[in-house]
Amino acid sequence: MTDQKLGLNTICTHVGEVKDEQFKGAVSPIYMSTSYAYEDVEVKRYPRYFNTPNQEMLGKKIAALEGAEAGMIFGSGMAAVSTALLAFLNAGDHIVLQKTLYGGTFNLVEEEFSKMGIEYTFTSGLEQADFEAAIKENTKVVYIETPSNPLMTVTNMQMVADLAKAKGIITMIDNTFASPVNQNPAEFGIDIILHSATKYMGGHSDILAGAVACSEAHMDKIWNKAKNLGGSLSDFSVWMLERSLKTMVLRVKQQNKNAKKLAKWLEQNGHVKAVYYPGLKTHPDYELAKKQMSGFGGMLSFELSDELDASAFMKELKLIKPSMSLAGVESTILSPTQTSHALLSAEERENQGIADGLLRFSVGIEEKEDLIADLKQALEKVVKDSLNFSI
Ligand SMILES: *Cc1c(COP(=O)(O)O)cnc(C)c1O
């Protein structure tokens, strides 16, 4: 290959393949060995060193997708998040995190960091002044997540990267919701890019995995921490993930298209109170999203009118499955209050703007007409029930 920068679909299909030298098969063989020769070898390989042939090669695909020097695969999104954070934070250090965060990350910080003597501040908002106000003398990391879960708020990556760089602070982003298809934070100067590969990278609701992309120098630190913490992924799942990534761009583009159509349909519906999707012109962060994203993603949230029962609505859906997690090829829906944000107190949820009736919708690759028909029939049922009830 030449040095020409490859397009996303080509990276997905070809970069980071394990070559089948012996039989010349079309796809990567799986190396399941947990034991490798140590004499006369360049690299001493062991699955918990994150360097089996499949682990190492998939890391290259992740790096290429994010336009970074290095990539690494973990046993879960939280293994990637916790390892990366702990690689750069020690007792006495301080971290600034944006206030709208994935529930698991919030819990990691609240439950573990104080015990470790790591100080933390959640920003009061997403503007420059909010980050400036939160940064202290001993701040080592600024951590963002955009678009955020579940309200799809958008954080200005360039602003955060510039602000942190001027003070010598490392920036990290949870890029799970956007996926590398819609957003490449490295272009804006964000240092460390994290993914729950369980979501769009896997895309079929059957792999739990995490990924990190960053510079070689930062990856050395992360690798050192990772081999001690031990959160590596089995080679079988690594292989599954490589297979899934081949179609990531096709999946995500279809999900982008569907989500935009559905967001617009929900927004014009009289029984829907609010729709949160960064691709809607009415979204407060629309202009910023347009500037820093190449697609608006497959995630949206909405609230039904107050008199309608959101739980009953979910039960009436026939195609769209009420289900934990997100980003599969199938459409799923959930109540953040009952699932992803259940561990937060009611006060914390209110502080993050998460209403009890909020529904988070992970839009799949189905035909949009079928999804709209499903939403429509379920809405009609709960509207009818609410009328009967009020008589
Ligand atoms: C799911 C998720 C995580 C955690 O990933 P796991 O693979 O479940 O450990 C982190 N961040 C976001 C935004 C997620 O959606």
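Strands are DSSP runs of at least two residues, numbered from the N terminus. In the predicted model analysed here, Lys199 falls in the loop that joins strand E6 (192–196) to strand E7 (210–214). The relative accessible area of Lys199 is 9%, and this residue is therefore classed as buried, the limit being under 20%. When neighbours within four places in sequence are set aside, the contacts of Lys199 are with Thr176, Ser325, Leu326 and Ala327. An unreviewed UniProt entry assigns to Lys199 the feature "modified residue: N6-(pyridoxal phosphate)lysine".

Lys199 also belongs to the surroundings of the ligand. The ligand is surrounded by 14 residues, of which Met78, Asp174, Ser196, Thr198 and Lys199 are the closest. Grouped by class, this shell comprises six nonpolar, five polar and three charged residues.

Polar atoms of both backbone and side chains approach oxygen atoms of the ligand. In the case of Lys199, an N or O atom of the side chain is placed 2.7 Å from a ligand oxygen. For Ser196, a polar side-chain atom lies at 2.9 Å from an oxygen atom of the ligand. Gly77 contributes through its backbone, with an N or O atom 2.9 Å from a ligand oxygen. The ligand taken alone exposes 380 Å², and 93% of that area is buried by the protein.

Key. Residues numbered from 1 in each chain as written. Predicted model: local features only at pLDDT ≥ 70, side-chain atom pairs only at ≥ 80, totals over all residues. Heavy atoms only, no water. Near = heavy atom within 4 Å. Polar contact = N/O pair within 3.5 Å; in protein donor to acceptor, adjacent residues only side chain to side chain. Areas by Shrake-Rupley, 256 points an atom, 1.4 Å probe, with all protein chains shown as cover. Nonpolar A, V, L, I, M, F, W, Y, C, P; charged D, E, K, R; others polar. UniProt positions renumbered as here; feature names shortened; annotations may be inferred. Helix = DSSP H or I, 4+ residues; strand = E, 2+ residues; numbered from the N terminus. Buried < 20%, exposed > 50% of the residue type's maximum accessible area, 1.4 Å probe, protein only. Contact = heavy atoms within 4.5 Å.
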